[in-house]
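Work through the exercises below with the sequence and the model open. Each task is followed by a solution in steps.

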Amino acid sequence: MKEFLLVFRADYKTMPKASPEEMQANTQKWMNWIAGIAAQGKLVDRGNRLVNTGNVLKSDGIISDGPYTEIKESILGYSLIKADSLEEATELAKGCPILSFGGNVEIREINAM
Amino acid sequence: MIALVYLQGLFLFMQQDNLIPHLFRTEYSKIVAVLYHSFNLKHLETAEDIASETFLKATEVWSIKGPPENPAGWLYTVAKNKTKDYFKHNAVVERQVKEALQLNDVETAHDFDFSDQNIADSQLAMIFAVCNPGNSAEAQICLALQILCGFSVEEIANAFLTKTETIKKRLQRARANLRNGDFQIKILSEAEIKTRLDSVLKTLYLLFNEGYFSRTNNQLIRKDLCSEAVRLTYILTENILTNIPQAHALLALMCFQSSRLDARISDKGEAILMDNQDRNLWNKELIEKGNYYLVNACQGNEISKYHLEAMLAYWHTTPTDKNKWQHILQLYNQLIIIEYSPVTALNRTFAFAKVYGHEKGIKEAEKLNLDEHAYYHSLLGYMHADTNIDKAIHHYEKAVALTGSRIEKQTLSKEIKRLVEKRAAG
């Protein structure tokens, strides 16, 4: 089986403000989805969420605070899964809750060094 | 070793008098551990021989005079004397021991004690020596049962539903591995404990499961295995070096599971599912203990698989709560992310179906690719039973064909019969 990186992206600005109950419900959705992949023995690493601020270092030495001015969507988190093909990995990504917030999942095969 | 095998045969013969077999089980391993620990004998067999000779003398003397008032104390005294004799009269005193004895005051060295503390320390050291990752998990469990729990080869074979010869060979190989790996128990260093504690916990966990989910139908053997695992884990929680949250979590898990041992099997030997168990048969004292150790386990931030399994067992012993299955599902979610196993995947799916309904549960199950597992089919049978009797029967029949457990076959066949009758009634 091959390994795939799932990159979760969404626009922070358009993310709905959630109440604590909604946040808990969202956490449950994420857990159900990622555990559903783990239950198939296809989770390599659940990965992590990312803090929504950061720096971008450019070739001219200029440091800017995050890529948000240039691209609308930023990376919220990542997970590592395994699958036989890109198609199967894409199928596994289909239940990802970020899709219901207008976000997207990028699926990339790991090209191991 | 010859003496040991002979003795165990003798005790089998003496089953009508319950005292010696019971003492053998509890005291043999203590004597071996203390002798071995105190003298750092090069060969485990020497300690075992002295312990066996002690019991041989007990059977001789007690059968004439009757058992003494304090049988355990009597055994310890005889074991001490036999050890002294071993050093005095044995011409081939091991150099290592000689040196050790020259370094220490001879009398103090001989005056090793059988205090509760020293027994616990010695057994703890023995647990770490036996749970050597150089041996397979199965071999570690066999060794633990023999050396730490005083089980006979036959009893181990019964528990594993394996031939005695197979167990004998397994034990011989495992012992040879320990010897080659310079097997000795020393005063445990913190570093050694850290590197081996995981494997110790795992072996004790498997030892317990061997009893709890045993392939044998012998309820007595199951209980023995479970209570031995509890006893050894308890030793871990009592020592300052091994008293970690994970050990408490494991002990909590064992207490919760043990509380249901009597309720799980019917008089006819059929497995009873949790929902149908007579809660009056659950052991409340053990549930209390489980709660106690679970609270202890939660001091700290770490959540291990033992924590999750103990929490799951806790929810299972708790009367129905509105969100019970949602809690259980979330715990299974965390557990499957930490460690995949087909059983966890299927248990999680069961909880998923409880929360989101059987239809979604079926979809979740069909992704699992566990067609070869009996439980996969019994779960699908269960989820189909209300809506699609034909499919339910089909899956239950597959489960019957796949399972190795007689009890499970009976339970499933009963359910098939019920569905067939329901279908006929239209």
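**Exercise 1.** Find the residues that B:Phe151 is in contact with, leaving aside its neighbours within four places in sequence. Then decide whether B:Phe151 is buried or exposed.

*Solution.*
- Start with the contacts. In this predicted model, B:Phe151 touches B:Leu145, B:Gln146 and B:Ile156, once neighbours within four places in sequence are left aside.
- Place the residue. B:Phe151 sits in the loop that links α8 (137–148) to α9 (153–160) of chain B.
- Count neighbours. B:Phe151 has 25 C-beta neighbours inside 10 Å. The cut-off for buried is 20 or more, so B:Phe151 counts as buried.
- Check a residue far along the chain. B:Thr26 is 125 residues away in sequence, and its C-alpha atom lies 9.8 Å from that of B:Phe151.

**Exercise 2.** Describe B:Asn369: what is notable about its phi, and is it buried, exposed or partly exposed?

*Solution.*
- Read the backbone angle. Phi of B:Asn369 is near 60 degrees, which is positive although the residue is not glycine.
- Locate it. B:Asn369 belongs to the loop between α19 and α20 (374–384) of chain B.
- Classify it. There are 14 other C-beta atoms within 10 Å of B:Asn369. Partly exposed runs between the limits of 12 or fewer and 20 or more, so B:Asn369 is partly exposed.

**Exercise 3.** Characterise the packing of α18 (342–356) and α19 (358–366) of chain B.

*Solution.*
- Take the geometry. The two axes come within 7 Å and cross at roughly 150 degrees.
- Name the arrangement. Angles over 145 degrees count as roughly antiparallel, which makes α18(B) roughly antiparallel to α19(B).
- Add the hand. The crossing of α18(B) and α19(B) is right-handed.
- List the residues. α18(B) contributes B:Thr349, B:Phe352, B:Ala353 and B:Tyr356, while α19(B) contributes B:His358, B:Lys360, B:Gly361, B:Glu364 and B:Ala365.
- Sort them. Four are nonpolar, three polar and two charged.

**Exercise 4.** Do the same for α7 (116–130) and α12 (219–238) of chain B.

*Solution.*
- Take the geometry. The axes lie 10 Å apart, at an angle of about 110 degrees.
- Name the arrangement. The range 65 to 115 degrees counts as roughly perpendicular, so α7(B) and α12(B) are roughly perpendicular to each other.
- List the residues. From α7(B) come B:Ala120, B:Gln123, B:Leu124 and B:Ile127; from α12(B) come B:Leu232, B:Ile235 and B:Glu238.
- Sort them. The contact has five nonpolar residues, one polar and one charged.

**Exercise 5.** Which residues of α2 (86–93) of chain A are buried, and what do they pack against?

*Solution.*
- Pick them out. The buried residues are A:Ala89, A:Leu92 and A:Ala93.
- Look down the axis. They cover an arc of only 100 degrees, which puts them on the same side of α2(A).
- Recall the helix repeat. Residues three or four places apart point the same way, because an α-helix has 3.6 residues a turn.
- Find the partners. The buried residues of α2(A) pack against β1 (2–10), α1 (20–38), β5 (74–83) and β6 (104–109) of chain A.

**Exercise 6.** How many residues of chain A are in contact with chain B, and which element supplies the largest share?

*Solution.*
- Count. Twelve residues of chain A are in contact with twelve of chain B.
- Assign. α1 and β2 (43–49) of chain A each supply at least two residues of the chain A side. The largest share, seven residues, comes from α1(A).
- Sort. The chain A side has six nonpolar residues, five polar and one charged.

Conventions: Residues are numbered from 1 along each chain as its sequence is written. Chains are lettered from A and ligands numbered from 1 in the order in which they are written. This is a predicted model: local features need pLDDT of at least 70, side-chain atom pairs count only at pLDDT 80 or more; totals for chains, interfaces and linings use all residues. Helices (H or I, at least four residues) and strands (E, at least two) are DSSP runs, numbered from the N terminus. The arc is that of the directions from the helix axis to the C-beta atoms. Two residues are in contact if their C-beta atoms, placed from the backbone, lie within 7 Å. Ala, Val, Leu, Ile, Met, Phe, Trp, Tyr, Cys and Pro count as nonpolar, Asp, Glu, Lys and Arg as charged, and the others, Gly among them, as polar. Axes are lines fitted to C-alpha atoms, for helices over the stretch in contact, and angles run from 0 to 180 degrees between N-to-C directions. Angles under 35 degrees count as roughly parallel, over 145 as roughly antiparallel, 65 to 115 as roughly perpendicular and the rest as oblique. A crossing is left-handed if the near helix is turned anticlockwise from the far one by less than a right angle, and right-handed if clockwise.
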